[in-house]
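Q: Please take a close look at one helix packing in the model below. I would like the geometry first, then the residues that make the contact, then the surroundings.

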Amino acid sequence: MDKKLELELIDNYASKKCRQSIGRLLKSYLPLIKKEASSKRTFGFDFDELVNEGVIGFCKAVSSFNGCDFEGTLGHYASHFIKREIGDFVFNNRNIVKTLVSREQRKLISAIKKISSPGFTLSCDECREISELTGTTI
C-alpha cells in the first residue's frame with residue numbers, strides 16, 4: 001500500500017470514523033501485528049490474545065498518526081504502539097500465566113511427560129501416585 005492511499009484512508013477514518021478505512025488498513029498491517037505478537041508467545045499467553053492487543057495498539061497508532069509531522073510510514077509509527085500495547089498486556093497480566101519454578105514441580109512434570117503420550121490424560125489418583133513416586137507434592 002502506498003503512502004498516499006494510507007494517508008487518504010487515515011484521513012477518512014479520522015474525519016468520518018469509516019470502518020472500511022480502518023479495516024483496509026488493518027488487513028494491510030495484520031502480518032506486522034502477528035509478527036510482533038509471535039515474538040511474545042514464549043510468555044505463555046494465547047496467540048489470539050496477543051494479536052488482539054496488537055490490533056488495539058494499531059488502532060491507537062492510526063488515531064494519533066499525522067502524516068505531515070511524521071516522515072516515515074504508518075508501519076514504522078504503528079510498530080512502536082503495537083509493541084508497547086502487547087508489552088503492557090504481558091507485563092500487567094504476567095500473574096495469569098505462572099511458570100513452573102520450583103524444582104519439585106519441574107521434576108513432577110518431567111515424570112508425567114516420560115510416562116504419558118500425546119492426548120493422554122491422568123486422573124487425580126494417578127497424579128497423586130506419580131507425585132508419591134517422585135517424592136513431590138501436587
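At what angle do α2 and α3 pack, and how far apart are their axes?

A: The model is predicted, so local features need pLDDT of at least 70 and side-chain atom pairs count only at pLDDT 80 or more, while totals for chains, interfaces and linings use all residues. Residues are numbered from 1 along each chain as its sequence is written, and side-chain values use heavy atoms, with hydrogens and water left out.

α2 and α3 pack at an angle of about 130 degrees, and their axes are 9 Å apart. The pair is therefore oblique; angles under 35 degrees count as roughly parallel, over 145 as roughly antiparallel, 65 to 115 as roughly perpendicular, and the rest as oblique. An axis here is a line fitted to C-alpha atoms, for helices over the stretch in contact, and the angle runs from 0 to 180 degrees between N-to-C directions. The crossing of α2 with α3 is right-handed; that is, the near helix is turned clockwise from the far one by less than a right angle, whereas an anticlockwise turn would be left-handed.

On the α2 side, the contact (heavy atoms within 4.5 Å) is made by I22, L25, L26, Y29, I33, K34, A37 and S38. On the α3 side, the residues are F47, L50, V51, G54, V55, F58, C59 and V62. By class, this contact has 13 nonpolar, two polar and one charged residues. The nonpolar class is Ala, Val, Leu, Ile, Met, Phe, Trp, Tyr, Cys and Pro, the charged class is Asp, Glu, Lys and Arg, and the others, Gly among them, are polar.

V51 gives a view of this contact from α3. At 11% relative accessibility, V51 counts as buried (buried is under 20% relative accessible area, exposed is over 50%, and partly exposed is in between, with a 1.4 Å probe and protein chains only). Apart from residues up to four places away in sequence, V51 touches I33, K34 and A37, and these three belong to the α2 side of the contact. The C-alpha atoms of V51 and I33 are separated by 6.3 Å, with the two positions 18 residues apart along the chain.

α2 spans residues 19–39 and also packs against α1. The axes of α1 and α2 come within 8 Å and cross at roughly 140 degrees. That makes this pair oblique as well, but the crossing is left-handed. L5, E6, L9, I10, N12 and Y13 of α1 meet S21, I22, R24, L25 and Y29 of α2. These residues divide into seven nonpolar, two polar and two charged. I22, L25 and Y29 thus occur in the α2 lists of both contacts.

Two residues show the α1 side of α2 in detail. S21, in α2, is buried, with a relative accessible area of 2%. Leaving aside its neighbours within four places in sequence, S21 is in contact with L9, N12 and Y13. E6 lies in α1, residues 3–16, and is also buried, at 3% relative accessible area. Not counting residues up to four places away in sequence, E6 touches M1, L25, Y29, T73 and L74.

The other partner, α3, covers residues 47–64 and packs with α4, residues 74–92, at an angle of about 135 degrees, with the axes 7 Å apart. α3 and α4 are therefore oblique to each other, and their crossing is right-handed. From α3, the residues in contact include E49, L50, E53, G54, F58 and V62, while those from α4 include L74, Y77, F81, E85 and F89. By class, the contact of α3 with α4 has 13 nonpolar, three polar and four charged residues.

As for the whole chain, there are six helices and zero strands, where helices (H or I, at least four residues) and strands (E, at least two) are DSSP runs numbered from the N terminus. Of its 138 residues, 30% count as buried. Among contacts between residues at least 6 apart in sequence, 55% join residues at least 24 apart. The accessible surface comes to about 9,700 Å², and 53% of that belongs to carbon and sulfur atoms.

Terms used: Accessible areas come from the Shrake-Rupley method with a 1.4 Å probe; for residues, only the protein chains shown count as cover.
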